[in-house]
Amino acid sequence: MAKPDWEAIESAYRAGSLSIRAIAEKYGVSDTAIRKRATQNGWLRDLTEKVKEATRLKLVRSEVRNDGSREHVRTDDEIIDEASEAAADVVLGHRVDLTRWRRIANRLGDFLESVDFTEDNHASLSRSLVAGVDAQVKIIKAEREAYNIDSEKKSDETESLSSMMDELAKG
């Protein structure tokens with residue numbers, strides 16, 4: 001069995017982006033072994049907030065510089081940079097996925113707009129409408145989070161749409 005890469009495990013642990021179980025799975029060790037090593041060596045998950053801030057800054061910048069050099073002993077800045085790069089990649093991937101789901105929801109809306117409601121199709125089209133509006137509300141919320149729009153407070157528009165959907169579902 002290969003010897004665990006404790007330097008990489010320590011970096012992941014200190015960055016705080018992954019759960020201890022996820023780190024254990026990624027590096028093929030038990031979460032108990034990581035906890036034990038962290039306690040013995042005094043590792044702290046002290047970089048979590050710095051990683052979040054660096055991720056936010058990378059998402060705001062139009063270009064992310066990447067200095068390919070790595071020293072054998074990794075500094076806090078290097079660990080933060082690596083972890084924030086990974087987090088930024090995840091958020092950017094979410095943005096791509098959200099664009100796809102927005103197109104799908106828009107196509108559903110276009111379809112429902114073009115269909116005549118009749119006695120025969122009223123129930124199924126109503127369910128489709130409720131599902132479509134629900135999907136749109138969720139997409140809007142997710143996009144606002146992914147693009148850091150109004151991240152500090154909830155959108156009144158999204159909340160009122162949600163309330164209307166709840167009322168539609170009841171009645």
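These are my notebook entries on the helices, surface, salt bridges and largest pocket of this predicted model.

**Entry 1: overall layout**

I started with the secondary structure. I found seven helices and zero strands in the chain. Reading along the sequence, I wrote the pattern down as α-α-α-α-α-α-α.

Next I looked up burial. Of the 171 residues in the chain, 26% are buried. The accessible surface comes to about 12,300 Å², and carbon and sulfur atoms account for 52% of that area.

I also checked how far apart in sequence the contacts reach. Taking contacts between residues at least 6 apart, 63% of them join residues at least 24 apart.

**Entry 2: helix α1**

How many of the 10 residues of α1 are buried? I got eight, so I noted α1 down as mostly covered, with the 20% relative accessible area cut-off for buried in mind. The buried set is Trp6, Ala8, Ile9, Ser11, Ala12, Tyr13, Arg14 and Ala15. I paused at Arg14, a charged residue in that list; its relative accessible area is 14%.

After the helix comes Gly16, with a positive phi near 75°.

**Entry 3: salt bridges**

I counted five salt bridges in the structure. I went through some of them one by one.

Arg14 turned up again here, paired with Asp46, with the closest N and O atoms 3.6 Å apart. What does this pair tie together? Arg14 sits in helix α1 (residues 6-15) and Asp46 in the loop between α3 (31-41) and α4 (48-60), so the bridge links parts that are 32 residues apart in sequence. Burial differs between the partners: Arg14 is buried, whereas Asp46 is partly exposed at 40%.

Then Lys52 with Glu49: the closest N and O atoms are 3.8 Å apart. I placed both in helix α4, three residues apart, which is about one helical turn. Are they buried or exposed? Lys52 counts as exposed at 52% relative accessibility, and Glu49 counts as exposed at 55%.

I also noted a network: Arg21, Asp31 and Arg35 are joined into one by salt bridges that share partners. Within this network I looked at Asp31 and Arg35, whose closest N and O atoms are 2.7 Å apart. Both lie in helix α3, four residues apart, about one turn of the helix. Arg35 is partly exposed, with a relative accessible area of 37%.

**Entry 4: the largest pocket**

Last, I looked for empty space. Rolling a probe the size of a water molecule over the atoms shows where such space is left. The largest pocket came out at about 590 Å³. It has 25 lining residues, and the closest to its centre are Ser17, Val51, Ala83, Ala86 and Ala87.

Which helices supply at least two residues of the lining? I listed α1, α2 (20-27), α4, α5 (76-114) and α6 (122-146). Of the helices, α5 gives the most, with eight residues. So α1 came up for me in three places: its buried residues, its Arg14 in the bridge to Asp46, and its share of this lining.

By class, I sorted the lining into 14 nonpolar, five polar and six charged residues.

Definitions and conventions:
Residues are numbered from 1 along each chain as its sequence is written. This is a predicted model: local features need pLDDT of at least 70, side-chain atom pairs count only at pLDDT 80 or more; totals for chains, interfaces and linings use all residues. Side-chain values use heavy atoms; hydrogens and water are left out. A salt bridge is a side-chain nitrogen of Lys or Arg within 4 Å of a carboxyl oxygen of Asp or Glu. Buried means under 20% relative accessible area, exposed over 50%, partly exposed in between (1.4 Å probe, protein chains only). Contact means heavy atoms within 4.5 Å. Accessible areas come from the Shrake-Rupley method with a 1.4 Å probe; for residues, only the protein chains shown count as cover. On a 1 Å grid over the protein atoms alone, a cavity is a set of points where a 1.4 Å probe fits but cannot get out, and a pocket is an open set with protein on both sides within 12 Å along at least five of seven lines; lining residues have an atom within 4 Å of a point. Grid points are joined across faces, edges and corners, and a volume is the space filled by probe spheres set on the points.
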